[in-house]
Amino acid sequence: MFQNLDVFRTAMAMARHAGTQQAYSAQNIANADTPGYRARALPEFQDTLRDSMMGQRATREKHLNGSIGRDVDIRERRDMLDPNGNSVSLEEEMVNAAGAKRQHDRALAIYRSNLSILRASLGRG
């Protein structure tokens with residue numbers, strides 16, 4: 001019943017995005033010495049949220065420029081390459097992992113805060 005509220009849906013989407021970014025950071029760190037490996041990253045959460053919650057959704061194939069569903073775009077970083085063709089920067093991955101943890105903690109704080117507001121409004125807080 002309460003999972004249909006936008007604030008809870010947004011908090012869950014933010015936590016899911018942070019978890020996926022953390023998984024990509026871990027995968028990039030694990031492949032830091034793999035020749036030819038290209039680091040992968042997700043777009044910022046704000047961009048994915050804006051695309052998924054615009055209000056207009058395609059219902060037919062030719063509707064809204066022919067895009068029924070939008071998958072999250074996974075970017076390959078090619079800005080700097082090692083001599084072996086690897087594009088993983090351990091420093092950048094550590095920053096991304098810390099940012100994903102902060103984003104996940106923020107999502108849980110938003111979820112808990114709104115849950116306590118909901119409980120208080122129902123008289124159960």
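Buried, here, means under 20% relative accessible area. Keep that cut-off handy, because Glu93 has a relative accessible area of 0% and so counts as buried. We'll come back to Glu93 once the overall layout is clear; bear in mind throughout that this is a predicted model.

Let's start with the whole chain. Its secondary structure comes to three helices and two strands, and if you read along the sequence you get the pattern α-β-α-β-α. Of the 125 residues, 25% are buried. The accessible surface adds up to about 8,900 Å², with 53% of that belonging to carbon and sulfur atoms. As for how the chain meets itself, take the contacts between residues at least 6 apart in sequence: 73% of them join residues at least 24 apart.

Now go to the first helix, H1, which covers residues 6-30. Is its length what you'd expect from its residue count, or not? At 1.5 Å a residue, the 25 residues of H1 should span 36 Å, and the end C-alpha atoms are indeed 36 Å apart, so the two values agree. The buried residues of H1 include Phe8, Met14, Tyr24 and several alanines, namely Ala11, Ala15 and Ala18. Some polar side chains are on that buried list too, among them His17, Gln21, Ser25 and Asn28. Asn28 is the one to remember.

Helix H3 takes in residues 90-122, and the same check works there. With 33 residues at 1.5 Å each, H3 should span 48 Å, and its end C-alpha atoms are 48 Å apart, which agrees. The buried residues in H3 are Glu93, Ala97, Ala100, Gln103, Ala107 and Leu118. Right after the helix comes Gly123, which has a positive phi, near 85°.

Back to Glu93, then. It sits in helix H3, and what does its side chain pair up with? The partner is the side chain of Asn28, in a polar contact at 3.2 Å. Asn28 is itself one of the buried residues of H1, so this contact links H1 and H3 through two residues that are both under the 20% cut-off.Close to that contact in sequence is Leu90, also in helix H3. With a relative accessible area of 44%, Leu90 is partly exposed. Setting aside residues up to four places away in sequence, Leu90 touches Ile29 and Ala32. Leu90 and Ile29 are 61 residues apart along the sequence, yet their C-alpha atoms are 6.4 Å apart in space.

On to the charged pairs. Side chains of opposite charge can pair when their charged atoms come close. How many salt bridges does a search of the whole structure find? It turns up two. One is in H1, where Asp6 bridges to Arg9, with the closest N and O atoms 2.7 Å apart. These two residues are three places apart in the helix, about one turn. An α-helix has 3.6 residues a turn, so residues three or four places apart point the same way. Asp6 is partly exposed at 46% relative accessibility, and Arg9 is partly exposed too, at 39%. The pair also shows up as a polar contact between the two side chains, again at 2.7 Å.

The other salt bridge belongs to H3: the side chains of Asp105 and Lys101 meet at 2.7 Å, N to O. Here the spacing is four residues, which again comes to about one helical turn. Asp105, at 38% relative accessibility, counts as partly exposed.

Arg9 is worth a second look for its place in the fold. The C-alpha atoms of Arg9 and Tyr111 are separated by 9.2 Å, although the two residues are 102 apart along the chain.

Finally, there's a nonpolar spot on the outside. Which residues form the nonpolar patch on the surface? They are Leu5, Val7 and Ile110, with about 190 Å² of accessible area together. Leu5 is found in the segment before H1, and its 35% relative accessibility puts it in the partly exposed class.

Conventions
Residues are numbered from 1 along each chain as its sequence is written. This is a predicted model: local features need pLDDT of at least 70, side-chain atom pairs count only at pLDDT 80 or more; totals for chains, interfaces and linings use all residues. Side-chain values use heavy atoms; hydrogens and water are left out. A salt bridge is a side-chain nitrogen of Lys or Arg within 4 Å of a carboxyl oxygen of Asp or Glu. Buried means under 20% relative accessible area, exposed over 50%, partly exposed in between (1.4 Å probe, protein chains only). The expected span of a helix is 1.5 Å times one less than its number of residues. Patches are made of residues with over 30% relative accessible area and no salt bridge: like charges are joined within 9 Å, nonpolar side chains (Val, Leu, Ile, Met, Phe, Trp, Tyr) within 5 Å. Accessible areas come from the Shrake-Rupley method with a 1.4 Å probe; for residues, only the protein chains shown count as cover. Contact means heavy atoms within 4.5 Å. A polar contact is a pair of N or O atoms within 3.5 Å; within protein, one must be able to donate a hydrogen and the other to accept it, and residues adjacent in sequence count only if both atoms are side-chain atoms.
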